[in-house]
Amino acid sequence: MTQNVISLPLSVEQIDLVQKALEVLEQQLAVLISLSVDQRRELSKMGPKSEMFARKAYDVIAQSPEILPGTFDLKEFGADIQALDRLRPVLARLTALTQRGEDTEMALGSDIYAAALEAYRFAKLAGKGTALDELRAQASTRFKGQSRRRDETGAVPA
């Protein structure tokens with residue numbers, strides 16, 4: 001194989017441990033919610049500037065809670081800020097791990113596909129046979145509609 005971006009020896013035991021760790025994460029974060037597309041669209045979004053305003057508003061209101069109506073839940077306002085501050089570092093780590101996982105998946109797929117193309121080229125050079133005929137059928141389906149590019153003279157590049 002000419003391409004080998006990654007070699008990933010994962011044992012069954014390692015995968016079992018990861019699955020168990022994910023179960024713990026899912027149990028501990030069971031309170032996380034899923035929003036529908038419509039709910040996401042309708043919710044007010046808090047960007048960096050809005051967050052600065054919201055935190056300042058909490059600080060000011062917390063110093064004078066008597067100006068709030070009885071229906072305003074200042075305790076919940078503060079609890080939401082605290083929950084956000086606790087959740088963000090966890091989400092940052094999960095996001096980074098997910099990105100590494102996706103990059104690894106892409107690299108593995110690329111290695112596999114490159115090896116398959118290289119093996120197919122060798123099989124074509126070796127001759128014919130039932131296995132090669134099946135591989136050609138798969139390749140013709142995969143590459144259907146794609147033709148080799150020609151240079152300015154109309155010749156097919158080597």
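Biologist: Within helix 2, how many residues apart are Asp38 and Arg41?
Modeller: This is a predicted model, in which local features need pLDDT of at least 70 and side-chain atom pairs count only at pLDDT 80 or more, while totals for chains, interfaces and linings use all residues. Residues are numbered from 1 along each chain as its sequence is written, and side-chain values use heavy atoms, with hydrogens and water left out. Helix 2 (a helix being a DSSP run of H or I with at least four residues, numbered from the N terminus) covers residues 37-42. Asp38 and Arg41 are separated by about one helical turn because their positions in this helix differ by 3 residues.

Biologist: What distance separates the closest N and O atoms of Asp38 and Arg41?
Modeller: Asp38 is partly exposed, with a relative accessible area of 43%, whereas Arg41 is exposed at 58% (buried means under 20% relative accessible area, exposed over 50% and partly exposed in between, with a 1.4 Å probe and protein chains only). The two form a salt bridge, which is a side-chain nitrogen of Lys or Arg within 4 Å of a carboxyl oxygen of Asp or Glu. For Asp38 and Arg41, the closest N and O atoms are separated by 2.8 Å.

Biologist: Which residue forms a salt bridge with Glu51?
Modeller: Glu51 lies in helix 3, which spans residues 48-63, and Glu51 is buried because its relative accessible area is 13%. Leaving out residues up to four places away in sequence, Glu51 touches Met46, Leu84 and Arg88, where contact means heavy atoms within 4.5 Å. In the salt bridge of Glu51, the closest N and O atoms are 2.8 Å apart, and the partner is Arg88.

Biologist: How many residues apart along the chain are Glu51 and Arg88?
Modeller: Arg88 counts as partly exposed, with a relative accessibility of 37%. The salt bridge between Glu51 and Arg88 links distant parts of the chain, for Glu51 is in helix 3 and Arg88 in helix 4, and the separation in sequence is 37 residues.

Biologist: What is the distance between the closest N and O atoms in the salt bridge of Asp85 and Arg55?
Modeller: Asp85 is partly exposed, at 37% relative accessibility, and Arg55 is also partly exposed, at 25%. The closest N and O atoms of Asp85 and Arg55 are 2.4 Å apart. Asp85 lies in helix 4 and Arg55 in helix 3, so this pair ties together parts that are 30 residues apart in sequence. The distance asked for is therefore the one between those closest N and O atoms, 2.4 Å.

Biologist: How many salt bridges does a search of the whole structure find?
Modeller: Glu51, Arg55, Asp85 and Arg88 are linked in a network of salt bridges, and Asp38 forms a salt bridge with Arg41. Counted over the whole structure, the number of salt bridges found is 4.

Biologist: Which side chain of opposite charge is nearest to Glu118?
Modeller: Glu118 is placed in helix 4, residues 74-126, and Glu118 counts as buried because its relative accessibility is 12%. Setting aside neighbours within four places in sequence, Glu118 is in contact with Met1 and Thr2. Glu118 has no salt bridge, and at a distance of 5.4 Å the nearest side chain of opposite charge (Lys and Arg count as positive, Asp and Glu as negative, with His and the chain ends not counted) is Arg121.

Biologist: What is the radius of gyration of the protein?
Modeller: The protein has 5 helices and 0 strands, and from the N terminus its elements run α-α-α-α-α. The globule rule (2.2 Å times the number of residues to the power 0.38, with the radius of gyration taken over C-alpha atoms) gives 15 Å for 158 residues, and the protein is well over this value, so it is more spread out than a compact globule. Its C-alpha atoms fill a box of roughly 85 × 50 × 25 Å along the principal axes, and the radius of gyration is 28 Å.

Biologist: What percentage of the 158 residues in the protein is buried?
Modeller: Glu51 and Glu118 are among the buried residues. Taken over the 158 residues of the protein, the buried share is 9%.

Note on methods
Helix = DSSP H or I, 4+ residues; strand = E, 2+ residues; numbered from the N terminus.
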